[in-house]
Amino acid sequence: MTLSPAQGRPRQVLIIEDQADTRAWLRQMVASAFEHAEIAEASSCATALAWLKAHGARMADNSGALALIDLGMPDGSGIDIIRELTARYPTVLRIVTTIYDDDRHLFEAIAAGAQGYLLKDRHPDTMVQYLHRIDNGEPPLSPSIAQRMLQHFAQVKPQTSDPESACSLTARETDVLRLLGRGLRVAETARVLGLTPHTVAGYVKVIYRKLNISSRAEAAIEANRRGLT
């Protein structure tokens with residue numbers, strides 16, 4: 001029986017996928033990887049959000065909990081679910097399961113708080129192996145996705161030695177970076193901090209310049225590196 005590491009309870013898993021056949025396939029993968037896991041399913045963003053409202057706190061208290069999230073949902077984007085989990089239930093491991101292997105979907109998901117990215121074209125046994133490795137601290141990434149990430153960051157310019165660019169962030173800039181790292185957008189960050197979106201957008205530009213970055217994905221990684229998420 002697979003138990004969550006801390007509480008000694010069966011692992012909780014939420015599968016968010018609109019296609020019934022694919023949900024059944026993912027459920028089989030989870031059952032094979034984690035014996036006796038408690039598996040819930042949602043076929044839309046609305047259903048997933050309603051389930052999280054009712055059960056999210058209990059799920060977050062289960063240290064082995066994880067969510068498998070499709071990006072292309074009929075009533076929205078799985079990115080919104082990732083943001084909700086990141087903001088409200090950060091202990092739940094957020095894994096994308098999708099057919100999208102392009103940079104836009106990948107880095108938007110990472111910026112929102114995704115901690116794994118699996119393509120659904122993998123053999124079932126391979127998918128089970130990816131899930132098994134989670135307990136060893138290995139992020140579940142399809143090989144082509146890992147390669148794409150390496151290629152992306154290999155193109156990032158090295159840090160400049162310009163003193164102005166290398167200076168530390170102010171307290172307010174740190175607050176903005178923290179929220180960006182949790183997947184919030186500019187408007188959402190503005191609401192949390194009680195600022196206007198225009199003001200927050202200005203802070204984002206300064207942060208990008210100081211840290212020599214150019215995307216929300218890089219901002220999320222920098223926030224994580226600084227221990228802000």
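Buried means under 20% relative accessible area, exposed over 50% and partly exposed in between, with a 1.4 Å probe and protein chains only. Helices (H or I, at least four residues) and strands (E, at least two) are DSSP runs numbered from the N terminus. The model is predicted: local features need pLDDT of at least 70, side-chain atom pairs count only at pLDDT 80 or more, and totals for chains, interfaces and linings use all residues. Residues are numbered from 1 along each chain as its sequence is written, and side-chain values use heavy atoms, with hydrogens and water left out.

**View 1. Buried residues of helix H11 and the glycine after it.** In H11 (216-225), the buried residues are Ala217, Glu218, Ala219, Ala220, Glu222 and Ala223. Glycine 227, just after H11, has a positive phi of about 75 degrees.

**View 2. The largest pocket.** On a 1 Å grid over the protein atoms alone, a pocket is an open set of points with protein on both sides within 12 Å along at least five of seven lines, while a cavity is a set of points where a 1.4 Å probe fits but cannot get out; lining residues have an atom within 4 Å of a point. Grid points are joined across faces, edges and corners, and a volume is the space filled by probe spheres set on the points. The volume of the largest pocket is about 560 Å³. Its lining has 19 residues, with Ile110, Gly113, Ala114, Gln115 and Asn224 nearest the centre. Strand E7 (116-119), helix H6 (143-154) and H11 each supply at least two lining residues; H11 gives the most, three. The lining comprises 10 nonpolar, seven polar and two charged residues, where Ala, Val, Leu, Ile, Met, Phe, Trp, Tyr, Cys and Pro count as nonpolar, Asp, Glu, Lys and Arg as charged, and the others, Gly among them, as polar. Domain 1 (12-155) and domain 2 (171-226) each contribute at least three residues to this lining; the domain bounds come from an automatic or database domain assignment.

**View 3. Helix H4 and its two ends.** Eight of the 10 residues of H4 (residues 103-112) are buried: His105, Leu106, Phe107, Glu108, Ala109, Ile110, Ala111 and Ala112. At the N-terminal end, aspartate 102 acts as a cap, with a side-chain oxygen 3.2 Å from the backbone nitrogen of arginine 104. Just after H4, glycine 113 takes a positive phi of about 125 degrees.

**View 4. The largest cavity.** One cavity of 30 Å³ or more is found in the whole structure. The largest cavity holds about 30 Å³ of space and is lined by Leu26, Met29, Val30, Leu68, Thr97, Leu118, Met127 and Leu131. Helix H1 (20-33) and helix H5 (124-132) each supply at least two of these residues, and H1 has the largest share, with three. Seven lining residues are nonpolar, one is polar and none is charged.

**View 5. Positive phi at histidine 36 and asparagine 212.** Most residues other than glycine have a negative phi. Histidine 36, in the loop between H1 and strand E2 (38-42), has a positive phi near 65 degrees. Asparagine 212 has a positive phi of about 60 degrees and sits in the loop between helix H10 (197-211) and H11. Asparagine 212 is buried, at 17% relative accessible area.

**View 6. Surroundings of glutamine 12.** Glutamine 12 belongs to strand E1 (residues 12-16). Its relative accessible area is 6%, so glutamine 12 is buried. Leaving out residues up to four places away in sequence, glutamine 12 touches Glu38, Arg58, Met59, Asn62, Gly64, Ala65 and Leu66, contact meaning heavy atoms within 4.5 Å.

Definitions and conventions: A polar contact is a pair of N or O atoms within 3.5 Å; within protein, one must be able to donate a hydrogen and the other to accept it, and residues adjacent in sequence count only if both atoms are side-chain atoms.
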